[in-house]
Number of protein chains: 4
Amino acid sequence: MGESVSEGLIQPDKDKVKERILNAAMLIFAKNGYHRATTIKIAKKAGVNEVTIFRKFKTKENLLNAVIRKNLNETLNTLDLILCKEKNADIEICIKTLGINLKQFFDDRMEFILFMITEGRKTPETRILFTQFQFKMLEHLKDYFQEQINLGKIRRINPDLLAFTLFSFIFNKSISEEVFEHKFLPDDLNSFEEYTNIFMNGILP
Amino acid sequence: MGESVSEGLIQPDKDKVKERILNAAMLIFAKNGYHRATTIKIAKKAGVNEVTIFRKFKTKENLLNAVIRKNLNETLNTLDLILCKEKNADIEICIKTLGINLKQFFDDRMEFILFMITEGRKTPETRILFTQFQFKMLEHLKDYFQEQINLGKIRRINPDLLAFTLFSFIFNKSISEEVFEHKFLPDDLNSFEEYTNIFMNGILP
Amino acid sequence: MGESVSEGLIQPDKDKVKERILNAAMLIFAKNGYHRATTIKIAKKAGVNEVTIFRKFKTKENLLNAVIRKNLNETLNTLDLILCKEKNADIEICIKTLGINLKQFFDDRMEFILFMITEGRKTPETRILFTQFQFKMLEHLKDYFQEQINLGKIRRINPDLLAFTLFSFIFNKSISEEVFEHKFLPDDLNSFEEYTNIFMNGILP
Amino acid sequence: MGESVSEGLIQPDKDKVKERILNAAMLIFAKNGYHRATTIKIAKKAGVNEVTIFRKFKTKENLLNAVIRKNLNETLNTLDLILCKEKNADIEICIKTLGINLKQFFDDRMEFILFMITEGRKTPETRILFTQFQFKMLEHLKDYFQEQINLGKIRRINPDLLAFTLFSFIFNKSISEEVFEHKFLPDDLNSFEEYTNIFMNGILP
DNA sequence: TATGAATGAGAATTCATTCAT
DNA sequence: AATGAATGAATTCTCATTCAT
């Protein structure tokens, strides 16, 4: 129905097609990996003719890059939202909330992230792009910790290391749950509670 | 016929061939991913005829499973060595040494681990196998921490969580360095020193 | 709607479009051969939309024929000019000048002529067309020689043969220079001078 | 030895396959041109599976080059035979015989030569190869004329030019008959007779 | 009339796998 | 037991051509 004949609606079909292909490709790529993701599967999923893909993206490799770029950008934007929100709350609460949100964020995208880790590594262009993704995330966290150090709320520790430590725990929890059959730490909420405790107080008695 | 100098001898080369194929396959798989790793490339690397692979392993999928099983076993054995060594030392020293060793261990195998993460996930059999890998590692660490808790050397915290926290940091450092262009934390030794400090004392002033 | 400033005007551009397509097609065909010459390349060169080609010419094969017909006609007209000019001059001068002009004429069109030789041969219609091209040229030359024979300026020799002999030399010089890396006879002017000498006096001492 | 059961026949099938493919390719290429000559057509003609072509020659382009190289070599060898034969006979007879032989030689290969002219021109390697072909032929002729000049049997004229002139007539006759519908000079024997007359005595009365 | 979007029919090429020796 | 030769099934990609506006 929607957008047609006249109706006067705003959004024309214009690049809906390109968009549809990108979305389909993203799903198929993430689920199957680059090679098992055939252009015909993608075309079917997108509801277009296979050739249309080549008209729009020239080569499969190109399509891959377009998919990565698009999703990375969207992902970075979402990330900004998450990271900016909690800055002024109490530090313990902040870390917990941020953890929960970030975990959800990774969980939602883990298939794509794993895809990036393996396929993205091969072309230098996407490798750089993907590096930015991690870098940006870590920089955000680092800034937050730096600020807290300046405010005297935490000890003077290398804020890069703090950022990396926190990131590792959350990212790894997400990746483990996606990759392995077995959940070593079953419950997110409790885990974060406990983790924050360790992170803040250390393990010594 | 050809190469059999004399018929009746013990033929120690017997399954050197199978071994050679498995080693070659492991390298080619890890470097290229399952699909880019063609049987002909593997055959060339192994110095055997392509068909020999099919004689020995029937299908490429089979070869993949054999490779994974073999490498996972070897890997688990190596892991045992690392994890058992340091148990009785001072806790801080122990964690640091273990970190260094584990990091080296991951670095050496990261290509294969990444390969497992992506390709292993697809066949249930290897997925289970791979799960054991993580499980075993975490169990070892957990046991260590449980012991330390019992000895009163660290507070009563969920030892699973402790294991997972430590593992995350090390594993993530290794994976980051393999996947991303940019090293966020440049130096292993210093990083571990600092990390151990946080891990043990927390971040609060 | 777009570009039609006002509806009712005479549109002199009318079949400028067809013309533009034909010119573009001629260049692309000659440079690439029929198959490498894609309709999209032609469209781009002509500055029109690909579909316009099909509006105007129905099929690519049709376009080919139109191109050939057009260029052959233009070519034949140009040829007429060259061949008619020199008829009354001294015979040696005439042959030399004609040689130079004809050579230039071939050089300018050799890509197209080579294209005709290979692609034109395949469709009977264009084959006939192209045959006329050679025929007309040879007839012109023949008439000239017949006339000279009648005037007693040259011996009674088969004028067809004379025409063909002269034509061969010039045509072959042009084709050789286009096709081969190496110029066997470097300089046109000298070569024609010498050639005319042989042609007129033979090789015997 | 070797290959087989019994039969004891000399010629093993060894590279008959490669040979068969080359021969089939040569025919299909010459008849259809590079693009119309599909690998499947070639495979069918050669009586092998399409893939075998790629096993043996990697790419279609490669096959093209192999075909050209092979045929050019065979052609150059045949040429040697023709050009060497008649050196000591009477000059007029020699030229006539050589003409007849050369004409036959071209007629037999004209499809391939035309194919070379158009497709060979595109890749530099084959272009050079093909240049040699013409060069060799002209050098042979030139040497012959030089000798005759030294013996005082013909006037002191640029022997390169003599070679080129003779070659042009013969080559052009062959090419014309292949390309055009219409034979301008119908009969080879008579034509050569007459041509030799002109070539030796010139056209003046 | 002109065109942006879409497509069906092949094309080359790759690859795991089987056959015959 | 091992291998060189051969192949069927897929896959990416190209191209002329049609559709809908």
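## Helix α7 of chain D

In this predicted model, helix α7(D) is largely enclosed by the rest of the structure, because 19 of its 21 residues are buried. The helix covers residues 159–179 of chain D, and its end C-alpha atoms lie 30 Å apart, which agrees with the 30 Å that 21 residues should span at 1.5 Å a residue. At the start of α7(D), a side-chain oxygen of Asn158(D) comes to within 2.9 Å of the backbone nitrogen of Asp160(D).

## The surface near DNA strand E

DNA strand E is surrounded by 29 residues, and the closest of these are contributed by four chains, being Asn49(A), Val51(A), Lys60(B), Asn49(C) and Thr39(D). Of the atoms of DNA strand E that come within 4 Å of the protein, 57% belong to sugar and phosphate. By residue class, the surface near the strand divides into 10 nonpolar, 10 polar and 9 charged residues. Helix α3 (50–57) supplies at least two residues of this surface in each of chains A, B, C and D.

Several polar contacts reach the phosphate oxygens of DNA strand E. A polar backbone atom of Asn49(A) is 2.7 Å from one phosphate oxygen, while in chain B a backbone N or O atom of Lys60(B) lies 2.8 Å from a phosphate oxygen. Thr39(B), by contrast with these backbone contacts, uses a polar side-chain atom, which lies 2.8 Å from a phosphate oxygen of the strand.

## Salt bridges within chains

Over all chains, the count of salt bridges comes to 37. One of them joins Glu74(A) and Lys70(A), whose closest N and O atoms are 3.0 Å apart. These two residues are 4 residues apart in helix α4 (residues 60–85) of chain A, and therefore about one helical turn separates them. With a relative accessible area of 40%, Glu74(A) is partly exposed, whereas Lys70(A), at 15%, counts as buried.

In chain B, the side chains of Glu193(B) and Lys96(B) meet in a salt bridge with an N to O distance of 3.2 Å. Because Glu193(B) lies in helix α8 (residues 188–201) and Lys96(B) in helix α5 (residues 91–120), the pair ties together parts of chain B that are 97 residues apart in sequence. Glu193(B) is partly exposed, its relative accessible area being 43%. Chain A also holds a network of salt bridges, in which Lys103(A), Asp107(A), Lys173(A), Glu177(A) and Lys183(A) are linked.

## A salt bridge between chains

Arg55(D) and Glu50(B) form a salt bridge through their side chains, at 3.5 Å from N to O. This pair crosses between chains, running from helix α3 of chain D, where Arg55(D) is located, to helix α3 of chain B, which holds Glu50(B). Arg55(D) is exposed, with a relative accessible area of 61%, while Glu50(B), with a relative accessible area of 21%, is partly exposed. Helix α3 of chain B and helix α3 of chain D are also among the helices that each supply at least two residues of the surface near DNA strand E.

## The relation of chains A and B

Chain B can be superposed on chain A with an RMSD of 0.1 Å, by a turn of 180° together with a shift of 0.1 Å along the axis. This is the relation of a two-fold axis. Among the residues of chain B, Gly202(B) comes closest to the rotation axis, its C-alpha atom lying at 1.7 Å.

Note on methods. Residues are numbered from 1 along each chain as its sequence is written. Chains are lettered from A and ligands numbered from 1 in the order in which they are written. This is a predicted model: local features need pLDDT of at least 70, side-chain atom pairs count only at pLDDT 80 or more; totals for chains, interfaces and linings use all residues. Side-chain values use heavy atoms; hydrogens and water are left out. A residue is near a molecule or strand if one of its heavy atoms lies within 4 Å of it. A polar contact is a pair of N or O atoms within 3.5 Å; within protein, one must be able to donate a hydrogen and the other to accept it, and residues adjacent in sequence count only if both atoms are side-chain atoms. Ala, Val, Leu, Ile, Met, Phe, Trp, Tyr, Cys and Pro count as nonpolar, Asp, Glu, Lys and Arg as charged, and the others, Gly among them, as polar. The expected span of a helix is 1.5 Å times one less than its number of residues. Buried means under 20% relative accessible area, exposed over 50%, partly exposed in between (1.4 Å probe, protein chains only). A salt bridge is a side-chain nitrogen of Lys or Arg within 4 Å of a carboxyl oxygen of Asp or Glu. Copies are superposed by least squares on the C-alpha atoms of residues with pLDDT of at least 70 in both.
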